[in-house]
Amino acid sequence: MSDPILVTGAAGGTQGSTGRRVASLLMEQSIPVRALVHKLDARSDELRKQGAEVVEGDLLNSASVQAAMRNIKRAYFTYPVADGLLEAAAIFASAARDAGLELVVNNSQYQGRPDDPGFRDLQHAPSFRNLQHRLADRIFDWAQVGAVHLQAPPYYYENVRALISRGVAEQSTVFLPWGEDKTVIPLVGAEDVSRVAATLLANPGVPSQSVYALVSETPTVIEITEALRRAIGRPIRYVAITDEQWANAVKERVNPHALDHLTHLWRYFRRGGERFQATDAIRVVTARDPQTLEEFFRKNAKAIGAGPQ
């Protein structure tokens with residue numbers, strides 16, 4: 001594979017950072033990577049050291065996206081939980097069509113099982129952000145650029161870590177508006193999502209599916225708390241708070257778009273209408289078992305606030 005693979009979000013963010021992980025996984029296989037970053041900084045310098053061709057650009061700027069796609073046949077698209085997803089998807093899909101891309105792996109969001117009557121039901125999307133993902137998927141399909149959608153749960157393990165770390169470190173308590181202990185929260189690790197994306201991009205063949213539902217686990221709130229207790233070695237309790245209490249606590253560090261998205265998701269999961277199921281897509285694509293939530297907690301125990309082992 002001589003043409004580089006374009007990877008967006010390659011500098012990485014504060015949580016899942018799938019773009020950064022995908023770029024690294026491809027370069028580990030000596031596959032050339034063109035890393036699209038929003039700004040040049042220490043993170044982009046590190047990408048260059050790893051061997052990436054670094055391009056500064058903005059997914060909301062059609063000229064910079066078109067420039068980044070020169071001599072590209074395959075690309076990974078991801079967009080942060082912030083305003084602009086639909087605009088970015090339309091710009092990227094249009095540029096990909098003009099450039100003749102053969103494959104775009106799109107980091108999307110879970111929309112239910114394809115055999116469910118409500119699959120891609122725009123009217124019943126659990127949040128506005130989820131609705132945007134559903135529409136973005138259609139934009140990529142209409143562009144006919146070989147789009148493959150990785151439909152992962154809204155929460156990565158990394159998101160859970162970010163949500164609970166402060167309360168666990170300070171009071172050994174998970175403070176979240178997840179409702180009762182039996183509320184089910186579907187989850188997946190960013191590491192596994194990235195491995196699926198990198199495997200599909202690195203394989204010269206055409207993926208066998210256009211949609212991969214990536215759900216590693218479907219634990220209840222009490223099961224999440226118990227996995228955390230075992231991983232960090234001290235008692236942890238869960239305290240249900242209201243949406244308003246949670247929003248007031250995080251509004252200084254969570255942007256309004258993400259705040260609205262998460263608040264609607266809390267309500268959606270508390271209703272419990274969806275019967276989430278773990279899938280085997282990660283194992284099928286990567287030939288590896290997905291990381292468990294407890295394994296992730298153990299790996300990150302120090303950052304979360306582990307007790308003496």
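I take a residue as exposed when its relative accessible area is over 50%, and as buried when that area is under 20%. The model I am reading is predicted.

**Entry 1: loop residues with positive phi**

I began with Q144. Its relative accessible area is 63%, so I put Q144 down as exposed. Q144 sits in the loop that runs between α5 (128-143) and β6 (147-152). I looked up its backbone and found a positive phi of about 55°, although Q144 is not a glycine.

I then turned to S30, which lies in the loop between α1 and β2. S30 comes just after α1 and takes a positive phi of about 65°. It is not a glycine either. Is S30 buried or exposed? Its relative accessible area is 65%, so S30 is exposed.

**Entry 2: helix α1**

From S30 I went back to the helix before it. Helix α1 covers residues 18-28 and is mostly covered, with nine of its 11 residues buried. I listed the buried ones as T18, G19, R20, V22, A23, S24, L25, L26 and M27. The list includes R20.

What covers these buried residues? I noted strands and helices among the cover: β1 (5-7), β2 (33-37), β4 and β5 (103-109), together with α2 (42-50) and α7 (190-202).

**Entry 3: the F77 and F92 pair**

I looked up aromatic pairs next and counted 14. One of them joins F77 and F92, with 5.0 Å from centre to centre and 50° between the planes, and is classed as tilted. The pair links distant parts of the chain, as F77 is in strand β4 (residues 74-77) and F92 in helix α4 (residues 85-99), 15 residues apart.

I checked the accessibility of both partners. F77 has 1% relative accessibility and therefore counts as buried. F92 has a relative accessible area of 0%, so F92 is buried too.

I also noted an aromatic cluster formed by Y110, Y155, W178, W246, W266, Y268, F269 and F276.

**Entry 4: V65**

F92 led me to V65, since F92 is among the contacts of V65. V65 is placed in helix α3 (residues 62-68). With 1% relative accessibility, V65 counts as buried because the cut-off is under 20%.

Which residues does V65 touch beyond its neighbours within four places in sequence? I found D58, L59, I91, F92 and A95. I also took the separation of V65 from A93, which is 28 residues away along the chain: their C-alpha atoms are 9.9 Å apart.

**Entry 5: the whole chain**

I closed with the chain as a whole. Its secondary structure comes to 13 helices and nine strands. The C-alpha trace spans about 55 × 45 × 40 Å along its principal axes. A compact globule of 309 residues would have a radius of gyration near 19 Å, and the chain has 19 Å, so the two agree.

Of the 309 residues, 54% are buried. Taking contacts between residues at least 6 apart in sequence, I find that 77% join residues at least 24 apart. The exposed area is about 14200 Å², and carbon and sulfur atoms supply 49% of it.

How many positive and negative side chains are there? I have 35 positive and 35 negative, with the centres of the two sets 3 Å apart.

Methods. Residues numbered from 1 in each chain as written. Predicted model: local features only at pLDDT ≥ 70, side-chain atom pairs only at ≥ 80, totals over all residues. Heavy atoms only, no water. Helix = DSSP H or I, 4+ residues; strand = E, 2+ residues; numbered from the N terminus. Rg over C-alpha atoms; globule rule 2.2 N^0.38 Å. Buried < 20%, exposed > 50% of the residue type's maximum accessible area, 1.4 Å probe, protein only. Contact = heavy atoms within 4.5 Å. Areas by Shrake-Rupley, 256 points an atom, 1.4 Å probe, with all protein chains shown as cover. Lys, Arg positive; Asp, Glu negative; His and termini not counted. Charge placed at Lys NZ, Arg CZ, Asp CG, Glu CD. Phe/Tyr/Trp six-rings, centres within 6.5 Å; stacked < 30°, edge-to-face > 60°.
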